[in-house]
Amino acid sequence: MPSHIVKSYDEQLRKLNDTLVRMGGVVESQISAAMQALARRDPDLAQQTVEGDRRVDALEREVDAQVVSLLALRQPVASDLRLVVGSLRIASDLERMADYAKNVAKRSVALSQLAPVTVPPTLPRMGRVAQEMVKDVLDAHVGRDVPKAVAVWNRDEELDALHDSLFRELVTHMMEDARNITPTTHLLFIAKNIERIGDHATNVAEMVHYQVTGRTLD
């Protein structure tokens, strides 16, 4: 974090960063819980994940308020401005990740009420890749680590390839037996939600790159 003559300014910046880090930790937990609920066919855990989304929303509002205060009182410029405004963008992406984790949990509840269905191994693999991307990009944010942010950005291609492969596999499964359509549709939506979590992780990676270097990541 930058250092300033006015110590209260530094404290506000640290508080903003701490809130963002807490928000990221909750989002990581939400994604992990959603994937566990799916694997275990655990509707109670899934419901807890759905309800936990409110905590992320509250932290986003806290970030919003802190950013407004910093902009109004400190009028940051240069790297400080990138840090403050970037925090607002990162919080928005984290909130969307939590929404997608909530959606996965909701689909898990629906699946738990149907006859057991075989989950293709590609789906939990997608979940692991997405979780690793989120963890790594949050580490990149905390450490202002540009190479790690770029690595996350590049890894989105791996997640997209897994999603495309799984989509073809699930559609084939639906065509083979009409009874597979309902559970497989839930799995398709879960896969899409996981893929979107990866997209938002790449957005955060781009913002970390911009915050540190002042340049966009092409």
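**Close-ups of pockets, a cavity, salt bridges and a helix**

**View 1. The largest pocket draws on α1 more than on any other element: α1 supplies five residues, the largest share of the lining.** This is a predicted model, in which local features need pLDDT of at least 70 and side-chain atom pairs count only at pLDDT 80 or more, while totals for chains, interfaces and linings use all residues. Residues are numbered from 1 along each chain as its sequence is written, and side-chain values use heavy atoms, with hydrogens and water left out. A pocket, on a 1 Å grid over the protein atoms alone, is an open set of points with protein on both sides within 12 Å along at least five of seven lines; a lining residue has an atom within 4 Å of a point. There are 14 residues in this lining, and Met35, Leu38, Ala39, Val119 and Pro124 sit nearest the centre of the pocket. Two or more lining residues come from each of α1 (7-40), α3 (78-112) and α4 (122-143). Those labels are DSSP runs numbered from the N terminus: helices are H or I with at least four residues, strands E with at least two. The volume comes to about 200 Å³, counted as the space filled by probe spheres set on grid points that are joined across faces, edges and corners. Sorted by class, the lining has eight nonpolar, four polar and two charged residues. Here Ala, Val, Leu, Ile, Met, Phe, Trp, Tyr, Cys and Pro count as nonpolar, Asp, Glu, Lys and Arg as charged, and the others, Gly among them, as polar.

**View 2. The second largest pocket has a volume of about 150 Å³.** Its lining is made of Arg89, Asp93, Asn203, Glu206, Met207, Tyr210, Thr216 and Leu217. Both α3 and α6 (181-213) supply at least two of the lining residues. The top contributor is α6, with four residues. The class split for this pocket is three nonpolar, two polar and three charged.

**View 3. One cavity of 30 Å³ or more turns up in a search of the whole structure.** A cavity is a set of grid points where a 1.4 Å probe fits but cannot get out. The largest cavity holds about 30 Å³ of space. Around the largest cavity are Ile31, Ala34, Met35, Tyr100, Ala101, Val104, Ile194 and Ile197. Two or more of these come from each of α1, α3 and α6. What classes of residue line the largest cavity? Eight are nonpolar, with no polar and no charged ones in the lining.

**View 4. Asp53 pairs with Lys102 in a salt bridge, with 3.4 Å between the closest N and O atoms.** Asp53 belongs to helix α2 (residues 43-74) and Lys102 to helix α3, so the pair ties together parts that are 49 residues apart in sequence. A salt bridge here is a side-chain nitrogen of Lys or Arg within 4 Å of a carboxyl oxygen of Asp or Glu, and the structure has ten of them. Are these two partners buried or exposed? Asp53 is buried at 4% relative accessibility, and Lys102 is buried too, at 19%. Buried means under 20% relative accessible area, exposed over 50%, and partly exposed in between, using a 1.4 Å probe and protein chains only.

**View 5. Two more salt bridges are Arg155 to Glu158 and Lys192 to Glu195.** For Arg155 and Glu158, the closest N and O atoms are 2.9 Å apart. Both sit in helix α5 (residues 146-176), three residues apart, about one turn of the helix. Arg155 is partly exposed at 24%, and Glu158 is partly exposed at 29%. Lys192 and Glu195 meet at 3.1 Å, N to O. They are three residues apart in helix α6, which means a separation of about one helical turn. Lys192 is partly exposed at 39%, whereas Glu195 is buried at 8%. Back at Arg155, salt bridges with shared partners link Glu132, Arg155 and Glu158 into one network.

**View 6. Helix α4 has 22 residues and spans 31 Å from its first C-alpha to its last.** That is close to the 32 Å expected at 1.5 Å a residue, where the expected span is 1.5 Å times one less than the number of residues. Its buried residues are Thr122, Leu123, Met126, Gly127, Val129, Ala130, Met133, Val134, Val137, Leu138, Ala140 and His141. They cover an arc of only 165° around the axis, so they lie on the same side of α4. The arc is taken over the directions from the helix axis to the C-beta atoms.
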